[in-house]
Each structure stands twice: as structure tokens, then as C-alpha cells.
Amino acid sequence: MNSIQFENVSKSFGKTKIINKLNMEIKKGERMILLGPSGCGKSTILRMISGLETVTEGKLYLNGNVANDIDSGDRSIAMVFQNYALFPHMTIDENVGYGLRINKVAKGEVKKKVAQAVDILGLTGLENRYPKELSGGQRQRVALARALVKSSDFFLLDEPLSNLDAQLRGQARKELVKIHEMYNQTFIYVTHDQIEAMTIGHRIALMNQGDLQMLDTPHNVYHRPANIFVATFIGSPSMNIITAKLDGRILHLGEQEVELPDMWLRQINQSDVKSIKLGIRPEDVTLSNTKSVVSMPVKVKYVEDYGNRVGYYFDLEEEVVSIMADNIFSMGDTVYWNIKPEKLHFFDAETTNSLGYPQEIL
């Protein structure tokens, strides 16, 4: 049974529609990431699951039951917010056990569960401190411990790591995965951070302007994007999207031409589209000093040194960036690049949807 199911769910605030006919299933025990730009509706989805927002249209199912009218307190939900929402006048011990105490759990059981959560999250010895006496990373762990002790069916997290620095976020990601593997709750995590989405999630639901753009594994979202929005949202720098024209078997990219192999010709022709765009990830644009029979000359117009890699920018119809490990070219250099057929992506220029992939490279 699917743990959570959205059936044509819409959410509006007045005349403004935030979520548009969402159909999505979240499997029991999986880590689902809700990803997208600010204002895309991802936090609204989380709040509808929790009961903090009502469903305007459609049906929301929790464990097979319609949950539209179920009170938030009856949904077996544990939630961690971006600002942690700790009680400043309570000690860590009191904060972690608060939800259990108000639900009349026996004192001995509260003590046992709090001690277990505190130990798991590395807070032992801090039980009698107050939130103001803790670092940001420690407060984040307290918020996770408070959610953890509830042993709820659904573990909801709304950008819980956004207030931490980069090093602490890396540590916290590992802790979250370990916690989930221990308790195996259905885990729904809102973020705008691609790294969090790719490293934490079993699957990613990528939203934009209230619409679900793609729901798939991190690998497929990155390597087999459903449309241009997905292709350009995931990855840094994002995928190069180049206006292309196909004439017979010759692909025209600005003033440059390349002969496409049969597998891509079949794929494009069976799609019956009027105009296409070519997509290629920056790390798949390989540049060389050496000219070959199939290489194309370009002039480097800008160089970015990222420390462990270098970005080389050049122009076709649009600006293209190549990401390489070595700093070997300079601005103004003429270099050569080859298209690798197995690394290409093609999209319908009108609908922006992917044309799919030949069987040879699936």
C-alpha cells in the first residue's frame, strides 16, 4: 500500500492557485524529496500532508484513508521546521519530551524514549541546557530528536538544514539518512538544495509553479530529465540548452554542423516535432587542443576556476559551458569539441518536453 497519495489535489488561496491537480504517490518507508524554486508549492504540499493547510480540491490519502478532514493531531505526523521551533524556556530534555508528555505518555516511557533520541543524535550531556546555550547544529539535532521520539508514521521536514553552514549540513545529511534507516518512517523532505535532494532522496518530486515536473530517482532526474526545466534546474552549472536544426541527418548548431548517428535520427523522427533543442551537460562537453575529423572549433571567451575544476565558456547559438578538471586553456584560445552521442538530450522546442532516449543508451 502507498503511504501517501495525492489524487487531483489542488490548493488555492483566494483566486491564486498554488498547487494544480497534483497526482503523486509516496511509498511507505521511502525518502521523498520535494524540490523546486521558491514559491513552487513544495512547502504547501508538506503542510497539506500535516493538516496545517486544507485541500481545496481532490483527495489526499494517508495509509489508504481519505485524510482531507482528519485533524492534524490525528495524522501520526512528526514535523521539523526550518526555524526548529524550540521552546526557549524549556531545557533540551523538556523540549524533546514535550509531545509525549502532552499526550499523557507514562513518565518512565517518556524518559526512556528521550534518552534514546538524545543518544542517537549526539546530545548526551546537554539535556539540562536551554536552546540559547546551544549552537545552530545542536538546536537542529534537538528539533530532530523531538520529532523522532513520537514514532509517527510520517516524518516531515521543511528545509531543516538551511540555517546550518556547509560543513554542518554535510554532517546532518548523513545523520538524517542513518535515522531513517533505523526507523524506516515515511520521510518527506522539502528543500531547494540540489545536493540535499540528490544525496538524501530515494525519489525526487520536482515542482515548478504548482505543477509536478518530474517524479523519479535522483539518477534519472539528473541523467534523463523529463523537460528543459528539469534539465536546467538540476546541476551546477546547469545543462547547456542549444537551439538546433535537423536537416536530413545533419544537425546544425549555429554555424557548426554535426552528423547524427542512426539511433538519434530514429528517436527524433518518430517524435514528429517541428523544432528541437539540444541539451548537453557541462561535464560532457570535452574540449581539446587537437583537431579531429569530427571536431568543431570554438573560441574560449571566459574562464572560471572552481578549484577542483574549471569552466570554459564559448558561444554557439547560445552560450555553452564546458567543465573540465584541468586548467589548460585561456580566454581567446581556439579549441575543439566533439559531441558524444550517448551524452546528448533532445527536447521539443515548443513543449520543452524530452524526446526520450534511444534504446542503445538506455
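**Entry 1: Gln209 and its hairpin**

I started at Gln209, which sits in the loop between β9 and β10. I am working with a predicted model, so every value here is computed. Phi of Gln209 comes out near 50°, a positive value in a residue other than glycine. That caught my eye because most residues other than glycine have a negative phi. Is Gln209 buried or exposed? Its relative accessibility is 66%, so Gln209 counts as exposed.

Next I looked at the strands on either side. β9 covers residues 203-208 and β10 covers residues 211-216. They pair in the antiparallel sense over 5 bridges. Asn208 has Asp211 of β10 as its bridge partner. The hairpin has 2 residues between the strands.

**Entry 2: Lys104, another positive phi**

I then went to Lys104, in the loop between α2 and α3. Lys104 comes just after α2. Its phi is near 60°, again positive in a residue other than glycine. With a relative accessible area of 74%, Lys104 is exposed.

I stayed with α2, residues 92-102, for a moment. Which residues of this helix are buried? I noted Ile92, Asn95, Val96, Gly97, Gly99 and Leu100. I also looked up what covers these buried residues, and found that the cover includes α3 (107-120) and α4.

**Entry 3: The largest pocket**

Helix α2 turned up again here. β6 (77-80), α2 and α4 each supply at least two residues of the lining of the largest pocket. About 550 Å³ of space lies in this pocket. Its lining has 20 residues, and the closest to the centre are Ser72, Ile77, Ala78, Met79 and Lys150. I sorted the lining by class: 10 residues are nonpolar, 7 are polar and 3 are charged.

**Entry 4: Two nonpolar cores**

How many residues does the largest nonpolar core have? I wrote down 44, with Leu35, Phe155, Leu157, Leu176 and Tyr189 having the most contacts inside it. Helix α4 (residues 136-148) gives the largest share of this core, 6 residues. There is also a second, separate core of 33 residues, and it includes Ala244, Leu253, Val298 and Val335.

I picked Tyr189 for a closer look. Leaving aside its neighbours within four places in sequence, Tyr189 touches Met32, Ile33 and Leu34, among others. Its contacts also include Leu157, Leu176 and Ile200.

**Entry 5: Strand β12 between two partners**

From the second core I followed Leu253 to its strand. Leu251 and Leu253 make up the covered face of β12 (residues 250-253), while Ile250 and His252 are on the uncovered one.

I checked the pairing on each side. β11 and β12 run antiparallel and are joined by 3 bridges. Here Leu246 has Leu251 of β12 as its bridge partner. The two strands form a hairpin with 2 residues between them, and Gly248 in the turn has a positive phi of about 70°.

On the other side, 4 bridges join β12 to β13 (residues 256-259), and this pair is antiparallel too. Leu251 has Val258 of β13 as its bridge partner. Again I found a hairpin with 2 residues between the strands; Gly254 in the turn has a positive phi of about 65°.

**Entry 6: Leu278, a partner of Leu251**

Leu251 led me on to Leu278, which lies in strand β14 (residues 276-280). Leu278 and Leu251 are 27 residues apart in sequence, yet their C-alpha atoms are 9.5 Å apart in space. Why does Leu278 count as buried? Its relative accessibility is 0%, so Leu278 falls in the buried class, for which the cut-off is under 20%. Leaving aside its neighbours within four places in sequence, its contacts include Ala244, Leu251, Leu253, Ile339 and Phe346.

**Entry 7: A cis bond**

I looked for an unusual peptide bond, because most peptide bonds are trans. A cis one joins Ser236 and Pro237, with omega about -10°. Pro237 lies in the loop between α8 (228-233) and β11 (240-247).

**Entry 8: Stepping back**

Last, I looked at the whole protein. I counted 9 helices and 21 strands in its secondary structure. The C-alpha atoms fill a box of roughly 80 × 45 × 35 Å along the principal axes. Of the 362 residues, 47% are buried. I also looked up contacts between residues at least 6 apart in sequence: 67% of them join residues at least 24 apart.

Technical notes. Residues are numbered from 1 along each chain as its sequence is written. This is a predicted model: local features need pLDDT of at least 70, side-chain atom pairs count only at pLDDT 80 or more; totals for chains, interfaces and linings use all residues. Side-chain values use heavy atoms; hydrogens and water are left out. A nonpolar core is a set of buried Ala, Val, Leu, Ile, Met, Phe, Trp, Tyr and Cys residues joined through side-chain atoms within 4.5 Å. Buried means under 20% relative accessible area, exposed over 50%, partly exposed in between (1.4 Å probe, protein chains only). Contact means heavy atoms within 4.5 Å. Two strands pair if DSSP finds at least two bridges between them. On a 1 Å grid over the protein atoms alone, a cavity is a set of points where a 1.4 Å probe fits but cannot get out, and a pocket is an open set with protein on both sides within 12 Å along at least five of seven lines; lining residues have an atom within 4 Å of a point. Grid points are joined across faces, edges and corners, and a volume is the space filled by probe spheres set on the points. Ala, Val, Leu, Ile, Met, Phe, Trp, Tyr, Cys and Pro count as nonpolar, Asp, Glu, Lys and Arg as charged, and the others, Gly among them, as polar.
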